[in-house]
Amino acid sequence: MFVAASSRCFSDESFEVSCERLTDLEFDKIEIWMDEESDHLKPSEVSRSPEDFYSRFREATRLTPIAFCLENDVSPTEFQSLCKAAKQLRIAQITIPASPLGTPFNSEIDRLKALLEIASRDGIRLSIKTKTGQLTEDPRTATELCQSVKGLGLTLDPSYYTCGPYSNTSYDMVFPYVCHVHLRDSTSDQIQVPVGLGEIDYSRLISMLERQDYHQFLSVELLPSLLNGVDRALELRKLRMLLESVVI
């Protein structure tokens, strides 16, 4: 397994600045986070001209890009262009959000099958994030979606199974479908707390992934809006060093 960091850790700054910050913190791999409602990096900017974004990224940093993560749903046409951008950057993993709770199961299957077909053309793995408020907030439903859409994976964010409506439910069933991981420390009543004060059992998490021969990335994803005066650089260093000590 390899440790990376999401540009979302500095989503309150520009994408270029986030690359600089992560480089200074001795990360060498970056997950590129996009949100149409943020000034950080919009998927529409990337999809408008994949070639321009490729040049922009190479001018901004020497970090190795390992994944795209989309905060919002995008159209099939826009997604196809994002896959083109990913292929140019040699990225083989894209995370998209699952649909909101209440979305008919069959409608979600149809949507995911269409996007998976587009991603597969470029040899890109497609996964949906486990998150409260979306269909994946229940680990059983997340598993059923992957079983219904052959080839679909999960981006496991254990924070939402630690702090959420299913906090007392085992989520071990999702591990066979995990193809990407987002990490921060959390408690049963706070989605993000300083590293070491939470309830995420990193050793067990990695042990469960190893049982599935998981050889992908552990991506640190701090939420700037929830830092509450905490030293962000220190938190990122602590989590990077913790993860590196566990996976080595």
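These legends go with several close-up views of a predicted model.

**View 1. Helix H8 packs against helix H9.**
Here we look at helix H8, residues 202-211, beside helix H9, residues 232-247. Their axes lie 10 Å apart and pack at an angle of about 50 degrees. That angle makes H8 oblique to H9. The crossing in which H8 passes H9 is right-handed. From H8, the residues to find are Tyr202, Ser203 and Ile206, which meet Leu239, Leu242, Leu243, Val246 and Val247 of H9. Sorted by class, this contact holds seven nonpolar residues, one polar residue and no charged ones.

**View 2. Methionine 208 sits in helix H8.**
Staying with H8, we now turn to methionine 208. With a relative accessible area of 10%, methionine 208 is buried, because buried means under 20%. Setting aside neighbours within four places in sequence, methionine 208 is in contact with Asp172 and Phe175. Phe175 is itself buried, at 2% relative accessibility. For a sense of scale, methionine 208 and aspartate 110 are 98 residues apart in sequence, and their C-alpha atoms are 30 Å apart in space.

**View 3. Helix H3 crosses helix H4.**
This view shows H3, residues 50-60, together with helix H4, residues 76-88. The two axes come within 9 Å and cross at roughly 40 degrees. H3 and H4 are therefore oblique to each other. Their crossing is right-handed. On the H3 side you will find Pro50, Glu51 and Tyr54, and these meet Ser81, Lys84, Ala85 and Gln88 on the H4 side. The residues of this contact divide into three nonpolar, two polar and two charged.

**View 4. Isoleucine 118 of helix H5 touches residues earlier in the chain.**
Isoleucine 118 belongs to helix H5, which covers residues 105-121. Its relative accessible area is 9%, so isoleucine 118 is buried. Neighbours within four places in sequence aside, isoleucine 118 is in contact with Pro76, Phe79, Gln80 and Cys83. Threonine 77 is 41 residues away from isoleucine 118 along the chain, yet the C-alpha atoms of the two are separated by 9.3 Å.

**View 5. Aromatic rings pair up in the model.**
A pair of aromatic rings is described by how far apart the centres are and by the angle between the planes. The count for this model comes to six aromatic pairs. In one of them, the rings of phenylalanine 15 and phenylalanine 53 have centres 5.9 Å apart and planes at 45 degrees, so this pair is tilted. Phenylalanine 15 lies in helix H1 (residues 15-24) and phenylalanine 53 in helix H3, so the pair ties together parts that are 38 residues apart in sequence. Both phenylalanine 15 and phenylalanine 53 are buried. Another pair joins tyrosine 171 and phenylalanine 175, and this one is stacked, with 5.9 Å from centre to centre and 25 degrees between the planes. Tyrosine 171 counts as buried at 17% relative accessibility. Look also for one aromatic cluster, formed by Phe15, Phe53 and Phe57.

**View 6. Threonine 169 lies in a loop.**
You can find threonine 169 in the loop between helix H7 (159-162) and strand S7 (178-183). With a relative accessible area of 22%, threonine 169 is partly exposed. Not counting residues up to four places away in sequence, threonine 169 touches Pro139 and Arg140. Leucine 209 is 40 residues from threonine 169 along the chain, and their C-alpha atoms are separated by 18 Å.

**View 7. Glutamate 26 and aspartate 213 have positive phi values.**
Glutamate 26 is not a glycine, although its phi is positive, at about 70 degrees. Its place is in the loop between H1 and strand S2 (29-34). Glutamate 26 is exposed, with a relative accessible area of 58%. Aspartate 213, also a residue other than glycine, has a positive phi near 55 degrees. Aspartate 213 is found in the loop between H8 and strand S8 (217-220). At 56% relative accessibility, aspartate 213 counts as exposed.

Terms used: Residues are numbered from 1 along each chain as its sequence is written. This is a predicted model: local features need pLDDT of at least 70, side-chain atom pairs count only at pLDDT 80 or more; totals for chains, interfaces and linings use all residues. Side-chain values use heavy atoms; hydrogens and water are left out. Axes are lines fitted to C-alpha atoms, for helices over the stretch in contact, and angles run from 0 to 180 degrees between N-to-C directions. Helices (H or I, at least four residues) and strands (E, at least two) are DSSP runs, numbered from the N terminus. Angles under 35 degrees count as roughly parallel, over 145 as roughly antiparallel, 65 to 115 as roughly perpendicular and the rest as oblique. A crossing is left-handed if the near helix is turned anticlockwise from the far one by less than a right angle, and right-handed if clockwise. Contact means heavy atoms within 4.5 Å. Ala, Val, Leu, Ile, Met, Phe, Trp, Tyr, Cys and Pro count as nonpolar, Asp, Glu, Lys and Arg as charged, and the others, Gly among them, as polar. Rings of Phe, Tyr and Trp (its six-membered ring) pair if their centres lie within 6.5 Å; planes under 30 degrees apart count as stacked, over 60 as edge-to-face and the rest as tilted. Buried means under 20% relative accessible area, exposed over 50%, partly exposed in between (1.4 Å probe, protein chains only).
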